[in-house]
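Please open the model in a viewer and keep the selection tool at hand. The stops below are meant to be followed in order.

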Amino acid sequence: MSNRTGAGGQKPRKDHAQLDHAYTLSDKGRTGCTVCANRRHATYVHTPNGKLVALQSHLRRKYGLTLTQYAEMVAVQGGVCAICGVSASLEVDHDHGAGKVRGLLCANCNRMLGMSHDNPDVLRAAIEYLEEACQTPNG
């Protein structure tokens, strides 16, 4: 490959096959090809173990929960959403201001609280609106 620069004064990129796969990534303290490492990671995260590790990391980082604590919460709630009672994949509901975990909700109920900005007055107004709309005949 020539040393001539392309558009914008940059050297042309080498194909992956032309890269030196044994170089050191000094800023990360790892050795090996970044492209190869990214491919391995992308494959790993889709395995059952990779998904479990990702869930553990997410729960710990975002909510301060262990996987065991999450499983206990699921068991206490009977595996259903704390609001609607649907058996679904459960998300951690938390107070954004205080960071306190409140319970586990299905995606729809968790979004409903978020869209109302966790404001009980907004939710009460929505209930009143629905009750009135259901009592009013169409036409």
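**First stop: Asp93**

Select Asp93, which has a relative accessibility of 6% and therefore counts as buried, the limit for that class being under 20%. The model on display is a predicted one. Asp93 belongs to strand β3.

Next, display the surroundings of Asp93. Which residues is Asp93 in contact with, leaving aside its neighbours within four places in sequence? They are Lys100, Val101, Arg102, Gly103, Leu105, Asn110 and Leu113.

**Second stop: the hairpin of β3 and β4**

Extend the selection to β3 and to strand β4, residues 101–105. The two strands pair in the antiparallel sense, and four bridges join them. To see the pairing at one position, pick Val92, which stands opposite Leu104 in β4. Side chains in a regular strand alternate between the two faces of the sheet.

Then move to the residues between the strands, of which the hairpin has six. Gly99 is the residue to select in this hairpin, as its phi is positive, near 80°.

**Third stop: the largest pocket**

Now show the largest pocket, which holds about 310 Å³ of space. Three elements each give two or more residues to its lining: α2 (48–63), β3 (91–94) and α4 (107–115). Which residues of the lining lie nearest the centre of the pocket? Select Tyr63, Glu91, Val92, Asn110 and Arg111. Val92 is already familiar as the residue opposite Leu104, and Asn110 as a contact of Asp93.

Colouring the lining by residue class is a useful next step. The 20 lining residues comprise eight nonpolar, six polar and six charged ones.

**Fourth stop: Leu52 and Leu67**

From the pocket, stay with helix α2 and select Leu52, which is located there. Is Leu52 buried or exposed? Its relative accessibility is 36%, so Leu52 counts as partly exposed.

Add Leu67, found in helix α3, residues 67–76. Leu67 is also partly exposed, because its relative accessible area is 24%, and the partly exposed class begins where buried, under 20%, ends. Leu52 and Leu67 are 15 residues apart along the chain, and their C-alpha atoms are separated by 8.9 Å.

Finally, display the contacts of Leu67. Not counting residues up to four places away in sequence, Leu67 touches Leu52, Leu55, Gln56 and Leu59. For one further distance, select Ser57: ten residues separate Ser57 from Leu67 in sequence, and the C-alpha to C-alpha distance is 9.1 Å.

Notes:
Residues are numbered from 1 along each chain as its sequence is written. This is a predicted model: local features need pLDDT of at least 70, side-chain atom pairs count only at pLDDT 80 or more; totals for chains, interfaces and linings use all residues. Side-chain values use heavy atoms; hydrogens and water are left out. On a 1 Å grid over the protein atoms alone, a cavity is a set of points where a 1.4 Å probe fits but cannot get out, and a pocket is an open set with protein on both sides within 12 Å along at least five of seven lines; lining residues have an atom within 4 Å of a point. Grid points are joined across faces, edges and corners, and a volume is the space filled by probe spheres set on the points. Ala, Val, Leu, Ile, Met, Phe, Trp, Tyr, Cys and Pro count as nonpolar, Asp, Glu, Lys and Arg as charged, and the others, Gly among them, as polar. Buried means under 20% relative accessible area, exposed over 50%, partly exposed in between (1.4 Å probe, protein chains only). Contact means heavy atoms within 4.5 Å. Two strands pair if DSSP finds at least two bridges between them.
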